[in-house]
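Got the model open in your viewer? Keep the selection tool handy, and let's take a walk through it.

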Amino acid sequence: MVGSANKGGIFQSKTRYVILFLGSACIASIASNYTILGFTYICMSNVTVDENNATAMATRGQYDYTQKEKSFLHWSLAVGTLLAAWPFQWFYQKYGARDVFFIAGVISALSTSLMPLMASIDFKYFLAMRFLQGISFGADFAAIGLIVVHWASLKQHGFFISLLSSFSQISVMFTMPVSGLLCNSSWGWQSAYYVHGALCMFLFSLWWWYYRNDPVDHPKMTEVELEKIQRGKKEEELGQHEAVPVGAILRDPVVWSVWLSAFGELMMSQFIVLYGPTFIKEVLNFSVGKSAMMVAMPRFVHLCFKIISGHLSDKIKFLSEKTKMIIFNTISLMVSGFFFCVLGFIPKEQAFYSIVILFIIEATTGCICGGFYKCATLVARQHSHFVLSAIQFIKCLSLFIEPTLIFIFCRNNTLAEWRIVFLIHGGLLMGGNIIFCFFATDKPAKFTYTQADETDELKQEPEKQRLTDAPHE
């Protein structure tokens, strides 16, 4: 039941912001749990087995995994995410995010806490825990869509998306320094997994206690805040269990332009998260501690630009939404794609300039929330969770492709080998932006209306205008 509009307190009419920050923390926690491995590799490799163990493992550390084994660890995460993304979308639609996302968090917390034990027993069990981490990660993107659709006002989509989609940056900013400190402490690399698992369990307990699937049902909701959230939304957007028109979504070229942009951006993001520490340490020759900081600091810059650009995307009024999305997307993908190509030609003796370019890439890609992410929620509206779940599927592809690229091209960790990978990423970023600029629009797609609505000429007008803004079917 909606509370009185006169209800006092510091959080009066601010429930949606508590949901936003709590949801962002939970999403980032799941991402942090799978990110730990990318950094602890360089700590685990220093561990050796008992000298009395006269097996083949005595020639190298028990956790000194080969590039092939590391690829399997990344692929197992991708398989788990790939298998779980679509089922989670269905569970969200049927049961809502409160219970479903909580279950995903519990899976992530338990599997992360058990990883050190499983790694010490057998590599296959370690892979199984990594697979479960992937299962839980499959819940992230659909959760973003549901929180934006049900808790953000139409005027705040950019801000909500900027924070909710910052899970990669938040996770790296937290995980890299914390894991670096714990790895170098007397507690060892295992403690990084225990700390992350415990924190994840705590955050998701708060989620289950505070979140409600519908703002109307929240005990702290006021009439004033509910009106702000629902203002300008169609009746279909306020429902919780409308069937997803999968076929219509898959035939929409605007949605495909969003997914292509997402592919380039997610490839770039996964590269920095999974292999940034390796590039900085092995190619640029930074120490373990500095490698962690050189990845975490640019991610902080990215987060700052993401929040600022999301706010500006909502507040700038002298440009149309379509123009703003094209500008933000171009800054994010075209500019960063160019500098990704440049990065491959900086000599490692001039590592300082490589770090500067990484900062530029992270700063410019921070503008992405005002680009294709915002386009996805404005076009798909109540079906945003499905479109963003597809982006989760794309992220699965990147988790397959990134280890494959590194395995194929970076066998000796030379700059010439990494240059090929940089050029591939730069090309994907720039190509995705060109296609997006051709199709971008802020008008709700035809599939967001029910069949009854399609007979109403007034409700068809946004789609007619949309057809003039972008080529469509």
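Is Glu 225 buried or exposed? Select Glu 225 and see what surrounds it: with a relative accessible area of 0%, Glu 225 is buried. Bear in mind as we go that this is a predicted model.

**Stop 1: the partner of Glu 225**

Now add Arg 16 to the selection. The side chains of Glu 225 and Arg 16 meet in a salt bridge, with N and O 3.1 Å apart. Glu 225 sits in helix α9 (residues 223-230) and Arg 16 in helix α1, so this pair ties together parts that are 209 residues apart in sequence. Arg 16 counts as buried too, at 6% relative accessibility. In general, side chains of opposite charge can pair when their charged atoms come close.

**Stop 2: zoom out**

Show the whole chain as a cartoon. What will you find in it, and how many helices and strands are there? The protein chain has 19 helices and 0 strands. It runs to 473 residues, and buried residues make up 56% of them. If you turn on contacts and keep those between residues at least 6 apart in sequence, 81% of them join residues at least 24 apart.

**Stop 3: helix α16**

Next, select residues 372-380, which form α16. How many residues of α16 are buried? The count is 9 of the 9, so α16 is largely enclosed by the rest of the structure. Click along the helix and you pass Phe 372, Tyr 373, Lys 374, Cys 375, Ala 376, Thr 377, Leu 378, Val 379 and Ala 380, which are buried. Just after α16, pause at Arg 381, which takes a positive phi of about 45 degrees.

**Stop 4: α14 against α16**

Keep α16 on screen and add helix α14, residues 321-343. Two packed helices are described by the angle between their axes and the distance between the axes. Here α14 and α16 pack at an angle of about 150 degrees, and their axes are 9 Å apart. To see the contact itself, show side chains: Glu 321, Met 325 and Asn 329 from α14 meet Phe 372, Lys 374, Cys 375 and Leu 378 from α16. By class, the residues of this contact divide into 4 nonpolar, 1 polar and 2 charged.

**Stop 5: the charges around Lys 374**

Centre the view on Lys 374. At 2% relative accessibility, Lys 374 counts as buried. Which residues does it pair with? One is Asp 314, whose salt bridge with Lys 374 has its closest N and O atoms 3.2 Å apart. That pair links distant parts of the chain, with Lys 374 in helix α16 and Asp 314 in helix α13, 60 residues apart. Asp 314 is buried, with a relative accessible area of 7%.

Glu 321 also forms a salt bridge with Lys 374, and there the closest N and O atoms are 3.1 Å apart. Here helix α14 holds Glu 321 and helix α16 holds Lys 374, 53 residues apart. Glu 321 is partly exposed, with a relative accessible area of 24%.

Now add Lys 324 to the view. Asp 314, Glu 321, Lys 324 and Lys 374 are linked in a network of salt bridges. A search of the whole structure finds 5 salt bridges.

**Stop 6: the largest pocket**

Turn on a surface and pick Ser 153, Leu 154, Lys 155, Gln 156 and Lys 317: of the 18 residues lining the largest pocket, these lie nearest its centre. Rolling a probe the size of a water molecule over the atoms shows where empty space is left. In this pocket that space comes to about 470 Å³.

Which helix gives the largest share of the lining? That is α13, with 3 residues. Colour α1 (15-44), α13 (288-315) and α16 (372-380), since each supplies at least two lining residues. By class, the lining has 4 nonpolar, 3 polar and 11 charged residues.

**Stop 7: Ile 144**

For the last stop, select Ile 144 in helix α5, residues 140-151. Ile 144 counts as buried, at 2% relative accessibility. Leaving aside its neighbours within four places in sequence, Ile 144 is in contact with Ile 27, Leu 164, Ser 165, Phe 167 and Leu 388. Finally, draw a distance from Ile 144 to Leu 20: these two are 124 residues apart in sequence and 9.5 Å apart in space, C-alpha to C-alpha.

Definitions and conventions:
Residues are numbered from 1 along each chain as its sequence is written. This is a predicted model: local features need pLDDT of at least 70, side-chain atom pairs count only at pLDDT 80 or more; totals for chains, interfaces and linings use all residues. Side-chain values use heavy atoms; hydrogens and water are left out. On a 1 Å grid over the protein atoms alone, a cavity is a set of points where a 1.4 Å probe fits but cannot get out, and a pocket is an open set with protein on both sides within 12 Å along at least five of seven lines; lining residues have an atom within 4 Å of a point. Grid points are joined across faces, edges and corners, and a volume is the space filled by probe spheres set on the points. Helices (H or I, at least four residues) and strands (E, at least two) are DSSP runs, numbered from the N terminus. Ala, Val, Leu, Ile, Met, Phe, Trp, Tyr, Cys and Pro count as nonpolar, Asp, Glu, Lys and Arg as charged, and the others, Gly among them, as polar. Axes are lines fitted to C-alpha atoms, for helices over the stretch in contact, and angles run from 0 to 180 degrees between N-to-C directions. Contact means heavy atoms within 4.5 Å. A salt bridge is a side-chain nitrogen of Lys or Arg within 4 Å of a carboxyl oxygen of Asp or Glu. Buried means under 20% relative accessible area, exposed over 50%, partly exposed in between (1.4 Å probe, protein chains only).
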